[in-house]
Structure formats: structure tokens, C-alpha cells
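Me: Here is a model I would like to go through with you. Please set out the terms, then take my questions in order.

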Amino acid sequence: MSTLVIVESPTKARTIRNYLPAGYQVEASMGHIRDLPQSASDIPPAVKGEKWAQLGVNVDADFEPLYIVPKDKKKIVTQLKEALKTADELVLATDEDREGESISWHLLQLLKPKVPIKRMVFHEITQDAIKKALKNCRNIDEQVVRAQETRRILDRLVGYTLSPLLWKKIAWGLSAGRVQSVAVKLLVHRERQRRAFRQGSYWDLKAILVQETPFAAQLMTLGGTKLVTGSDFDPATGQIFAGRNLVLLSEAEARTLLERLTDKTWTVTDLEERPVTRKPAPPFTTSTLQQESNRKLRLSARDTMRTAQSLYEQGYITYMRTDSVHLSDQAIAAARSCVEKLYGKQFLSPKPRNYTTKSKGAQEAHEAIRPAGSTFRTPQETGLSGREFALYDLIWKRTVASQMADARQTQITVQLQVEDAGFRSSGKRIDFPGFLRAYVEGSDDPDAALEDQEVILPQLKVGDRPKCTNLEAIGHETQPPARYTEASLVKTLESEGIGRPSTYASIIGTIIDRGYAQLINNALIPTFTAFAVTALLEEHFPDLVNTSFTSRMEQTLDDIATGEVQWLPYLRKFYLGDTGLETLVKERENQIDGTKARTVELEDLNAKVRIGKYGPYIEAENGSGVVTASIPKDLTPADLNPEQVEVLLRQKTEGPDDLGRHPQTGELIYVKIGSKGPYLQLGEKSDENPKPKMASIPKGVKPEDVTLETAVGLLSLPRALGIHPATGGKIQASIGPFGPYVVHDQGKEGKDYRSLKASDDILTISLERALQLLAEPKKGRKTSSKSKAALRELGAHPDDGEPVNIYDGPYGAYIKHSKTNVSLPEGQSVEDMKLSTALELLATKTSTKTRKSSAASANGKSTASSSTTPAKKKTVTRTTSSRKTTATKSKAKT
């Protein structure tokens, strides 16, 4: 008897194949084999003329979806049909969540098998799990399929109905989404809070005292009255909250107090020791894994899920899309065995810890994310490397720690008095590390973290008189609310019940890809476009960006999965009728003023911020007409202030500042500000000099601090440093988009780059120092495929004999031939990729590039011809601005 088993990916197929009996053939569907049309070219000719065809859902026929087989899946469908012809039984073994159930249902609809069908589910790929799953097959869950389909239809209705409105009113290429738009709103509101923030400042004293060993103490009271702290300031005013009786010290008052307390007697007046118990966190869910991976490993939600998917499909961890914190008895036993073996019985919790899931909508059933199997392989035993090792290590530690004993600590507080000033010293002693021996949230090294967590104080008692060896006055400034990171955004979305954790990775990716946010230093910073879109949606479609409304919608979709709510009446109410989205968009379209929609309202500015074809810009009246100035990309909405607006507009009306004349050419050197920041320009642009020499001003250097000498040096870049002694290649120093660097020209092997360190000066770096930098291994940088090793060599391209290789890139593995790169299809593994398949993918990419090039050429001709048409003169000018920075004292959170 022959059985055909279909899974989603070749990696999963290869792993599961090892655990199936003889006579089982395993094939991969490569993810979804059917979907709604993504473009007009996907729409079948039979329905192309229908008004609903572009939407992909026939709303007048009970929201019937238009499913098509994408071009890149047609060959796969043919292969699956051929494999089914020789099978006596079909087993659908896709993932057990909604997406997996939907894939199985679509396979059933498309393949139309005439043999018996079984639905096999499992949440880990081990021999025991597969054997058990084979014995407990079931039918496809139609309610879960319907719930997934309803989500897909709902997302399409929201996106394809609202997005065209944004194109017309704000800018082409924007998108709206059921969860995406709420997430963007959260980012925008946080940025508005930062903009409304007013800084408060205060001073206090810090002492270093000695009683056998040194310890620190902080000023807490003066004359019996509590000193102000950062939390006492109103972020909207920068003043202390009304009604609070507190002492606020200025710098002068703090220094006067310091002088008064110098050489005075210090006395311990009180000492308190308080025991504290900490319990381990539960095992990972999808959401907590994304959060901790972002904090510890600096992985994006997208990279975390991609890596976790690979670990699951290779059989290293259980299924990675889950809202459950539950562990099976088998997993608990495995974790406790690890604890006893590696740390000793004393580190085991007295009895097994059972965790329960609080989320009502936990649809991914079964278990938390944990190492797969009845025994847990240690990270070192897996043979993994890179991201896979780091993520498995994180999962292993969290799971094992969940069955360990509580950590016992003692908090120590010492009160000291010197004249009328009260100081406090706080310490912490770890009496028993418990689970902290294996896992500390936010730390890669538990042992080092334990040392960092302890603050040891000397043996003190009431009446002791320690000696003060140092007393200093310290200034503090309150800080605006922190911007969202991927981790904190995921946490907020989940706590508000918005979307599902399994979708957060793609949502955050879309927010960045669509230009709604920039990811800078792990912070998600919303753009001016995000402000404009959020303002439009809040004014005209408030429910769609209301967190409570979106949360209720999510709960309704969960109820559809359980059969508590009927899907069709819900869709009709949401989209059709007098209050439905379709009607609302039609009514609002004529009411929305495009100019207003493209304007970002920011308080305290004497100019308007607008969204233009080439990005955000400032617009103001100056008496002789309208002046516009582009806003640099690194200038965020929260940081745009009247002073920066003035600089932008002044440069436009009065021209750029000059530093003086170049000693060799005699030309003036100008300081200008472009969309990418401040830069230098040698001479004026003219017919004789259409492309004057330009040079970026390095990050961290203020334009006003650039001297003529420095400017001449920067304009001389790139600097030739000499010849590499091993290769004979040239070595140069210059500044690029990522800052100052040195580069070694290796000829046919390509160019090898290294960033300069903070202590290096681009204008004075020597050949010797450049060679030292080039000898260092690259860290955290995208490596040129010419100079890095291929993950796999597929062979020579038949057309030109050039190699076709697979490389590892920042967004996953990709195929490269000459100058053409193409990502591996979803679910396709490096090991299973064939040269023939790679050639097809490359050919598709090449033809797409050719069509785009042709279209661009045609557009260019059209533009060129239209540019000869005379236009009315306007008094409109444009320029750009720099970002103003100020020196600050030590920071304090509000």
C-alpha cells in the first residue's frame, strides 16, 4: 500500500521521512498553493470584467473568495497530482494551526483525491510524536478553516478598500491593514507623547562611604522632606506635579549643600533586611519568544520566526506558533532531568511546575515552545551554529529554568544621617540563585548576570559612623517616554488583544517596508507619513484604529473558529449596508480634503509639514511667496522644533553658509543640508560645473563645528593610503552611507570593507592602522557574495558558464548568478534546491526586471516630452535641514 504524505516544506518533509514506515512518500506543497489574486495579471479572464475582481472577493455572492494558483505554484500542483496518481491513501500533515488547516483544505479542494484521506497533526517532529499522530488521524476541521478564511477575507476587505483611498489622498503605495494600522497608531501616539514632553531638571548628592569596604549612598531627604525624583515631574509641563511637598535642588543649592556637609559626621540610623523570592518565568509562547529574542539576541520578530520555523522543521523544537505556556508531562520530566543532571537536586523545584494559559484566544492548542523529544539535547549537543544555536539555547534555558527552584534574595536598605540630610544605601544579596543559575531574562550569561545583580554592602549596624571619602553633586534631566522596540510593541499588541502573535512578525515587517517606521538602534520610529495616515484614519475611520474595537474583532474571529459566531452575518455587517466599510469609504472619499490629509499637524511650529511626492517637507510664507524645505530623513517628528524649521527656511531664502575658499581651487566651500543630512559642496552648481564635488559630514559632527581645514580634508576623500603588502591591491579611506571606512580592492575577488572605530580619524588614519582593521573578521555586517563562501554551489549557468550559488543574506538564503539575486521560495531549503529550479527562478526574476526597465524607459520618455510644456511660474523654493543637538546632563526616567 502506497501513502502520499503532504507537508509544507522540503525541510519538514526530509525530517518526517525518517520516522515514517516503508511505503510512505513525502512531498512538500511549499506553503499555500492557492490564494487571492495579488495583482491584475493574476485575475482569470473569465471574471476580469467584474467590478469585484480586483478585490478578489465577490461581496454580492456571500463574500465568495476568488482563489487562484500563483504562477510559481503551478508546477508544484502538477507534481503533487502526479504523485497522487500512484497513491492508495492521502495524508495531509500540515501544521495544526489555522494556516496549516487552511493549506490542507486547499490541497483537498485542488487535488480532488479519489482515495481515502486522513489529517495528521503533531506539534513536534520526533519518532514518538509521528507514530502517535499516525494512529490518531482526524478529519479537516471545517470551522477552523472557515475562521482562517474569514480572517483572510476581512484583511483583504480592509486593505483593498482603504489603501486606494490613501493613494488618492496622501501618497501612492501606502497601505492600511486591520492590525497594521493599529500598530502604526501606537507608534504615532508614543511619538506625539515624546513631542509633547517637557523636560524637568533636578540635582541631588551621591556619597561614597567606607566601613571596611566602600559603598554608595544617595541623598533622599533634606530637613525631613523628601527630595524630588524623575517620577515627580509632569511630562506635559516639566514641572513637579501639583500638591506634592518635595525639595527641588538647583545646581547652586546642591553645591552649597555639598560644601556644608563636607567633613561632617555620618551615622547609620536604620537598617532593614527583607527576604524576596523570585519565581521562574513560564516557557516561551510565540509572543514571549519574539520579545526575548529581540532583547537578548537583537533578532527582529521576522528573523526569530524564520529561525524558529527552521528549528521546528529539523526536529529541534516543538511548534513555534502557540499561545500556550503548558508543558506536557513528558516535557516536564525531561526538563527536571536536565536540572538534576546539570545543576543538582537542590536546584529542582520541590514539585513539578504546571503553567496555565490565560489567553482565551489561544488557538494553537497544546504546548509551549520547548526542545523537542522526551529528553532534551543541550545546545552543545545539537551541532547547531549561528542564529539557530542562539535561539535553541534561549528556548532550552527558558524551558529548563521553568522547572527549577525559586531564587531567594535579601534586599538590604541602610538609612544614614549627616546633619539634616538623609541618605540611603541599597544592597541585594543572593542567598540561593535557584533558576537564575540557568536563565536570567535579558542576559546571555547567567553567571555574569548573577554577579551584576548582587550589590554587596559591608557589615553595618545602627550607630556605626562610616567615613565619607567622596561627595558629589549630580544633575538629572527627565526623559521622554521610550520609543517602542519590536519587543515592547509585540508585548503591547498582545496585552491589548490586537492580532495574533503568529502574525506580528509580518506586520512589523510591513510597517517598516511601507515606510511607516524606521528601525534605528532597535527603536521603531514613526515617519511623517505614519502621522498623516494615522490622522486620516482616526478622523474618518476611528473604529479601525481603535484598540478596543480591534480586540473585539479578534475575539469574534476566535469565536467563529469555535462555532459560537456565524461568519457570513459578521462579514455582511462589517462591510455592507448603511454603516458598512464599503459605504463609509464611498461617503468619506468626497469629504476628505487631499491637501489637509497630506498635512501633518505639529504644535508650536510656524510652518506646515506636508507629505510630498519625494517625502515630507516644510512649507511657510515668507512675505514674497511660499518657501518649501525638504526634511532630512534622520529628523523625526518628535525632534522637529522651531529652531530647526528656522534653519531650513533660512538656508533656502539666504543660501547656504560658506566656510571660506579652498586653498587649491579658490572655490567657496558651502555647508548644505540634504535629505540624508548635512554635507559639504565645493563651488556653486552651474552649466560649467553641473556636478560640484560633495562630501558628507560624519555622523556626530555638528555642521557648525566643521572648520575650513576639516572641510578641505573631507572633500579630498577618498584618501589613497597605500598598497596591501599581500595582494598589491589599493587601500583607500572614505565615508559612505554607514560612516567612515577603509576598503581593500582585491581585483576579481571584489572589495573588502571595514568600518573605522570611534577612536579613528578618517583624515589621519594610516596604512598600518588600515591593515590592522582589514585583518579583523567582519562583525554583524552583510558580506559581499564575491568575498564570502557560498552556502552551496549549484553549478554553472548554461548560457554563460558563470556560477549559480546560494548565499546567506540578511533576509535569508538567496540564489545569485552574475548580478541577479533571487530569494529562495518560502519553505524551500538550501539542501533541496536544484540547479534547474534555480534557473527557472532566475529567469523569472530577469524577465521581471526587463519589464520594469522597459516601463521605466517608457515613463522617462513620457516625462521628457511633457517637460517641454511651459508651466506657470510659482514662487516656490525648496531646501533641507540638519538635526539640532544639545549637550545634556545625566538622564532620569520619568
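Reply: Buried means under 20% relative accessible area, exposed over 50%, and partly exposed in between (1.4 Å probe, protein chains only). The model is predicted: local features need pLDDT of at least 70, side-chain atom pairs count only at pLDDT 80 or more, and totals for chains, interfaces and linings use all residues. Residues are numbered from 1 along each chain as its sequence is written, and side-chain values use heavy atoms, with hydrogens and water left out.

Me: Is Asp62 buried, partly exposed or exposed?
Reply: Asp62 sits in the loop between S3 and S4. Its phi is positive, about 55°, although Asp62 is not a glycine. Its relative accessibility is 39%, so Asp62 counts as partly exposed.

Me: What share of the residues in the protein chain is buried?
Reply: The chain has 24 helices and 33 strands. These are DSSP runs numbered from the N terminus: helices are H or I with at least four residues, strands E with at least two. Of the 894 residues in the protein chain, the buried share is 48%.

Me: Among contacts with a separation of 6 or more, what share comes from residues 24 or more positions apart?
Reply: A contact means heavy atoms within 4.5 Å. For residues 24 or more positions apart, the share of those contacts is 67%.

Me: How are the rings of Phe63 and Tyr575 arranged?
Reply: Rings of Phe, Tyr and Trp (its six-membered ring) pair if their centres lie within 6.5 Å; planes under 30 degrees apart are stacked, over 60 edge-to-face, the rest tilted. The structure holds 10 such aromatic pairs. In this one the centres are 6.3 Å apart and the planes at 75°, so the arrangement is edge-to-face.

Me: How many residues apart are Phe63 and Tyr575?
Reply: Phe63 is buried at 1% relative accessible area, and Tyr575 is buried at 4%. Phe63 lies in the loop between strand S3 (57-58) and strand S4 (64-65), and Tyr575 in helix H18 (residues 567-575). The pair links distant parts of the chain, with a separation of 512 residues.

Me: Which ring has Arg190 over its face?
Reply: A charge sits over a ring if NZ of Lys or CZ of Arg is within 6 Å of the ring centre and within 35 degrees of the ring normal. Arg156 meets this over Tyr160, at 3.9 Å from the ring centre. Arg190 does so at 4.3 Å from the ring centre of Tyr484.

Me: Within what arc do the buried residues of H2 fall?
Reply: Helix H2 (residues 74-85) has 12 residues and an expected span of 16 Å (1.5 Å times one less than the number of residues); its end C-alpha atoms are 17 Å apart, which agrees. Ile76, Val77, Leu80, Ala83 and Leu84 are buried. Taking directions from the helix axis to the C-beta atoms, these buried residues line one face of H2, because they fall within an arc of 125°.

Me: Which helix is included in what covers the buried residues of H2?
Reply: The cover includes three strands: S1 (3-7), S2 (24-28) and S5 (89-92). It also includes helix H3 (98-111).

Me: Which residues of strand S27 point to one face and are buried?
Reply: In a regular strand the side chains alternate between the two faces of the sheet. In S27 (residues 751-755), Lys751, Tyr753 and Ser755 point to one face and are not buried. Pointing to the other face, and buried, are Asp752 and Arg754.

Me: What is the bridge partner of Val743 in S27?
Reply: Strands pair if DSSP finds at least two bridges between them. Strand S26 (residues 739-745) and S27 pair in the antiparallel sense over 5 bridges. They form a hairpin with 5 residues between them, and Gly747 in the turn has a positive phi of about 70°. The partner of Val743 is Tyr753.

Me: What is the relative accessible area of Asn522?
Reply: Asn522 lies in the loop between S14 and S15, a hairpin with 2 residues between its strands. Its phi is positive, about 70°, although Asn522 is not a glycine. Asn522 is buried, with a relative accessible area of 15%.

Me: Is the peptide bond from Leu717 to Pro718 cis or trans?
Reply: Most peptide bonds are trans. Pro718 lies in the loop between helix H22 (708-715) and strand S24 (719-723). With omega near 0°, the bond from Leu717 to Pro718 is cis.
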